[in-house]
Amino acid sequence: SFRLDLSAFQHVASMHLDADGNGVRVQIDDADAGKLTEVVYVWVAQDDTALRVGTTKWAVRSRLLQYARHITRSLAGLPSPTPNWEALRWQEILSSAPLRAFVHQPPVIDAVCGPLRPYLDIERALIKQLGPALNRSPR
């Protein structure tokens, strides 16, 4: 299977269960990387298996911190964008080991529409190549 080459990525955050195992915590491990915008990020397991690929136009720190709130709310039966089945899967995976998030900010390219970063195209290609277990829908 296709292996994610993390050499083009920066470690930015980690995710673990809280003390009682019923909530999720995200810690930003690299403040500078956390400020990057227009990025692709990947949550990976200890063996570097990609579990979730995503993007954000804004500072990646904010997006990654949302995971803790959304998953924890879903586990508690509260309204959340994260469906309960997915929150339970995150909880199950985290019960064996913390996860790490890596971020990649592609270079700006000169396109016919002007300069842009092709982060959405990279996300789509990575999801197709990696088939991450926690991506809900193919993009």
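**The sheet, its helices and Arg-52**

Good morning. In this structure, strand S1, residues 10-17, pairs with strand S2 in the antiparallel sense, over 5 bridges. Within that pairing, Met-15 stands opposite Val-26 of S2. I should state at once that this is a predicted model.

Let me now turn to the sheet as a whole. It is an open sheet of 5 strands with antiparallel pairing, and the order is S2-S1-S5-S3-S4. Two strands pair on one side only and so form the edges: strand S2, residues 24-28, and strand S4, residues 50-56. On average, neighbouring strands of this sheet are turned by 25° against each other, direction ignored.

Two helices pack on this sheet. Helix H3, residues 84-94, touches S1, S2, strand S3 (39-44), S4 and strand S5 (99-104). The direction of H3 makes about 95° with that of S1. Helix H4, residues 119-130, touches S3, S4 and S5, and its direction makes about 165° with that of S4.

I would like to close with one residue, Arg-52, which is placed in strand S4. Is Arg-52 buried or exposed? Its relative accessible area is 9%, under the 20% cut-off, and therefore Arg-52 counts as buried.

What does the side chain of Arg-52 reach? One partner is the backbone oxygen of Leu-134, at 2.8 Å. In addition, a polar contact of 2.8 Å joins the side chains of Arg-52 and Glu-86. Leaving aside residues up to four places away in sequence, Arg-52 touches, among others, Tyr-41, Val-42, Trp-43, Tyr-67, Trp-90 and Pro-132. Asn-135 and Arg-136 are also among the residues that Arg-52 touches.

Thank you for your attention.

Terms used: Residues numbered from 1 in each chain as written. Predicted model: local features only at pLDDT ≥ 70, side-chain atom pairs only at ≥ 80, totals over all residues. Heavy atoms only, no water. Pairing = 2+ DSSP bridges. Helix = DSSP H or I, 4+ residues; strand = E, 2+ residues; numbered from the N terminus. Axes fitted to C-alpha atoms, helices over the stretch in contact; angles between N-to-C directions. Contact = heavy atoms within 4.5 Å. Buried < 20%, exposed > 50% of the residue type's maximum accessible area, 1.4 Å probe, protein only. Polar contact = N/O pair within 3.5 Å; in protein donor to acceptor, adjacent residues only side chain to side chain.
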